[in-house]
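Reader: I should like to go through this structure by question and answer. Please let each reply reason its way to the value or name requested.

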Amino acid sequence: MQVLSNSVQISHTLLKAALDRAQIVVDATAGNGNDTLFLAQNVRRGTVIYAFDIQAQALCHAREKIHEFCKRDDIEVNFIHASHDEVAQYVNGSIDLAVFNLGYLPGGDHAVTTKCETTLNALKIMLEKLRRGGHIAVVVYPGHAEGLKESQLIKDFAASLAKKYFTVGWYQMINHNNNAPALCWIEKVGE
């Protein structure tokens with residue numbers, strides 16, 4: 001049995017169950033490519049993945065990781081050098097699943113981080129594009145100033161979503177530290 005000791009592991013466990021039906025998947029924050037690789041290794045044949053990042057360095061790392069560790073030719077991975085709140089310009093139609101892993105690029109400049117305004121805008125767009133039965137996973141990192149603001153904003157926004165249309169969970173390790181990363185898990189249940 002896998003130990004689920006952090007929010008990313010919980011996210012991947014929940015995502016894995018949802019990926020067998022997904023045809024259009026968005027990695028809203030490609031970063032070093034860990035989530036992109038996880039998605040590419042676990043989606044079904046014919047799935048299209050869109051991986052967004054504002055940093056060219058991040059997309060380069062993600063692309064290299066996919067080429068090195070994912071030898072599948074039955075899926076399509078598109079690397080997009082743009083903000084996640086520009087998703088509607090690149091992804092036509094509905095999406096089945098979206099992943100956000102917020103904060104800064106590990107190993108990169110910690111001053112370059114996701115921002116409340118663009119993240120919330122991107123989340124709203126993804127919710128509009130999300131098919132019924134689709135999921136969005138958002139991992140937040142409240143351990144730095146912008147991450148703390150982003151975490152509270154996402155939590156408040158997600159809590160306000162109408163239960164007629166969305167089911168929302170908030171998962172956080174409460175015995176780790178006061179600012180442990182958290183997962184916001186959203187499922188679209190109605191139209």
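Reader: What is the volume of the largest pocket, and which residues lie nearest its centre?

Author: The model is a predicted one. Its largest pocket has a volume of about 610 Å³. The lining comprises 31 residues, and α2 (34-42) and β2 each supply at least two of them. Nearest the centre of this pocket lie Asn101, Leu102, Gly103, Tyr104 and Leu105.

Reader: Which element gives the largest share of the largest nonpolar core?

Author: This core has 32 residues, and those that touch the most other members are Val26, Phe100, Leu123, Met126, Leu127, Ile136 and Val138. Two or more residues come from each of β1 (24-27), β2 (48-53), β4 (95-101), α5 (116-129), β5 (130-140), α6 (145-159) and β7 (182-188). The largest share, 6 residues, is that of α5.

Reader: Which residues does Met126 touch, leaving aside those up to four places away in sequence?

Author: Met126 is among the residues of the largest core that touch the most other members. With residues up to four places away in sequence not counted, its contacts are Val26, Ala28, His84, Val87, Ile95, Ala98, Phe100 and Ile136.

Reader: How many residues make up the second, separate core?

Author: This core is separate from the one just described, and Leu15, Val25, Val43 and Leu183 are included in it. Its residue count is 27.

Reader: What is the geometry of the aromatic pair, and how far apart in sequence are the parts it ties together?

Author: A search of the whole structure finds 1 aromatic pair. Phe52 and Tyr90 form it, with 5.8 Å centre to centre and 75° between the planes; an angle over 60 degrees counts as edge-to-face, so the pair is edge-to-face. Because Phe52 lies in strand β2 and Tyr90 in helix α4 (residues 87-90), the parts tied together are apart in sequence by 38 residues.

Reader: Is each partner of that pair buried or partly exposed?

Author: Buried residues have under 20% relative accessible area. Phe52, at 0% relative accessibility, therefore counts as buried. Tyr90 has a relative accessible area of 36%, so Tyr90 is partly exposed.

Reader: Why is there no bond between Cys60 and Cys70, and how many disulfides does the structure hold?

Author: The cysteine sulfur closest to that of Cys70 is in Cys60, 17 Å away, which is too far for a bond because a disulfide requires sulfur atoms within 2.5 Å. Cys60 is partly exposed at 35% relative accessibility, whereas Cys70 is buried, with a relative accessible area of 9%. The number of disulfides in the structure is 0.

Notes: Residues are numbered from 1 along each chain as its sequence is written. This is a predicted model: local features need pLDDT of at least 70, side-chain atom pairs count only at pLDDT 80 or more; totals for chains, interfaces and linings use all residues. Side-chain values use heavy atoms; hydrogens and water are left out. A nonpolar core is a set of buried Ala, Val, Leu, Ile, Met, Phe, Trp, Tyr and Cys residues joined through side-chain atoms within 4.5 Å. Buried means under 20% relative accessible area, exposed over 50%, partly exposed in between (1.4 Å probe, protein chains only). Helices (H or I, at least four residues) and strands (E, at least two) are DSSP runs, numbered from the N terminus. Contact means heavy atoms within 4.5 Å. Rings of Phe, Tyr and Trp (its six-membered ring) pair if their centres lie within 6.5 Å; planes under 30 degrees apart count as stacked, over 60 as edge-to-face and the rest as tilted. On a 1 Å grid over the protein atoms alone, a cavity is a set of points where a 1.4 Å probe fits but cannot get out, and a pocket is an open set with protein on both sides within 12 Å along at least five of seven lines; lining residues have an atom within 4 Å of a point. Grid points are joined across faces, edges and corners, and a volume is the space filled by probe spheres set on the points.
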